[in-house]
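User: Please take a close look at one part of this model, a single helix and the aromatic contact it takes part in, and describe how the pieces fit together.

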Amino acid sequence: MAVLERSSAEMVLRPARDAVFALLDGRSVLFSEAGQKMFELDRVGAFIWCKLAQGASLETVHEELGRQGIDEPAARQFTRQLVDVWIDRGVIEVDWRMPIDGGFSAILGGHKVAVRTANRDLMRRLLSPFCVADRGTGGDGDIAIEAMMLDEQVFLRGEDSGVSRCDVEALAPTIKAHITERLIRSHRWVFSLHAASLVTDGVGLLLCGQPGAGKSTLTLQLVDGGFRYAGDDVALVGADGTICGVPFALTVKQGSWDMLSRLHGGQYETTHCRSDGVRVRYVPIPDAQAQSVSAGWIIFLNRVASGPAELTAIDQLDSMKRLVENAFAADGRLSQAGFFALKRIVAGARSFRLTYCEAVEARRLLMDLCNGKA
């Protein structure tokens, strides 16, 4: 087993159980049974793999590469690059033992999420996308994540022992994406919607729209206007037709940072980088709604370059078609249970298309609608 140096925890590398090394016509090949792929190694890569398989430490590998004429900085860089590739391809297993002295838990989508790390800087980053979290040691959870820092990268391990890695700036979005995927795949929900969700007087409001339609910006405006926040990205749907938002901290893209500063000053200036390269900031909303509610209004956003805000009523069939376009399930299919849950939502709610340019004007229209004035 190879121990990774300069780690904040005891971290060990070993070849994955389903990874096989072989020679074909004198060429070195790795076969991954899980990935059903073969990877060819050059001479140095094959040497490093065989040393790790023999239980050599990375320091030993670096020393032996030095004896072959490769200087230490180059040996370390080359080894690290190979280890990163092997981790991403799942042919190397990573294990570590971390002190249980820092963590937190949160309830999202009816599941307890537990997060642990021994690094205070990582802890602050990990807390960023959560509205409410109980500080402590993290404990056990339906969804469990451990994070540790090694050199310039963060390594993440889930409850299935799978390991991934990311840059520090990408940590919060990576954690959020991992947890969201686990919630969507939960058997507690028949399907999910790309929608922001808010609650007023115990009744749910869904904001549906493609990326760039302004869901998060309008959500922030409605929260400022007195609505209770339930989530700005995903709404989980139960078989009974109720909806449950996933109340991560509200995600604000760069175009809305000026508005964020006007509403909250410089309180939320830490910037995070998503996997698509988009830079975002997170705004935790206090007293977020975590329980399921019935939807009273379904709003499909149509953001335009100019013109007044306008609400147009939509019939149930049109609303169903639009929601199906925004729905996604764990297996990629809308089941019969999901269809009837969707029917219950549409039958119990009023559906509208909101055409708007300015979020402030759109907020006024929606507040009047929910207060019975429109």
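Analyst: A residue counts as buried when its relative accessible area is under 20%, calculated with a 1.4 Å probe on protein chains only. The model is a predicted one, and the part chosen here is helix H3, which spans residues 72–89. H3 has 18 residues and reaches 26 Å from its first C-alpha to its last, close to the 26 Å expected at 1.5 Å a residue.

At the N-terminal end, H3 is capped by Asp 71, a side-chain oxygen of which lies 2.9 Å from the backbone nitrogen of Ala 74. Beyond the other end, just after H3, Gly 90 takes a positive phi of about 75°.

Along the helix, the buried residues are Ala 75, Arg 76, Thr 79, Arg 80, Leu 82, Val 83, Asp 84, Trp 86 and Ile 87. An α-helix has 3.6 residues a turn, so residues three or four places apart point the same way.

One of these buried residues, Trp 86, carries the aromatic contact. The structure holds four aromatic pairs; among them is the one between Trp 49 and Trp 86, an edge-to-face arrangement with 5.2 Å centre to centre and 85° between the planes. This pair links distant parts of the chain, since Trp 49 belongs to helix H1 (residues 43–53) and Trp 86 to H3, with their positions 37 residues apart in the numbering. Both partners, Trp 49 and Trp 86, are buried.

Elsewhere in the model, ring pairs link Phe 104, Phe 130 and Phe 248 into a cluster.

Key
Residues are numbered from 1 along each chain as its sequence is written. This is a predicted model: local features need pLDDT of at least 70, side-chain atom pairs count only at pLDDT 80 or more; totals for chains, interfaces and linings use all residues. Side-chain values use heavy atoms; hydrogens and water are left out. Rings of Phe, Tyr and Trp (its six-membered ring) pair if their centres lie within 6.5 Å; planes under 30 degrees apart count as stacked, over 60 as edge-to-face and the rest as tilted. Helices (H or I, at least four residues) and strands (E, at least two) are DSSP runs, numbered from the N terminus. Buried means under 20% relative accessible area, exposed over 50%, partly exposed in between (1.4 Å probe, protein chains only). The expected span of a helix is 1.5 Å times one less than its number of residues. A polar contact is a pair of N or O atoms within 3.5 Å; within protein, one must be able to donate a hydrogen and the other to accept it, and residues adjacent in sequence count only if both atoms are side-chain atoms.
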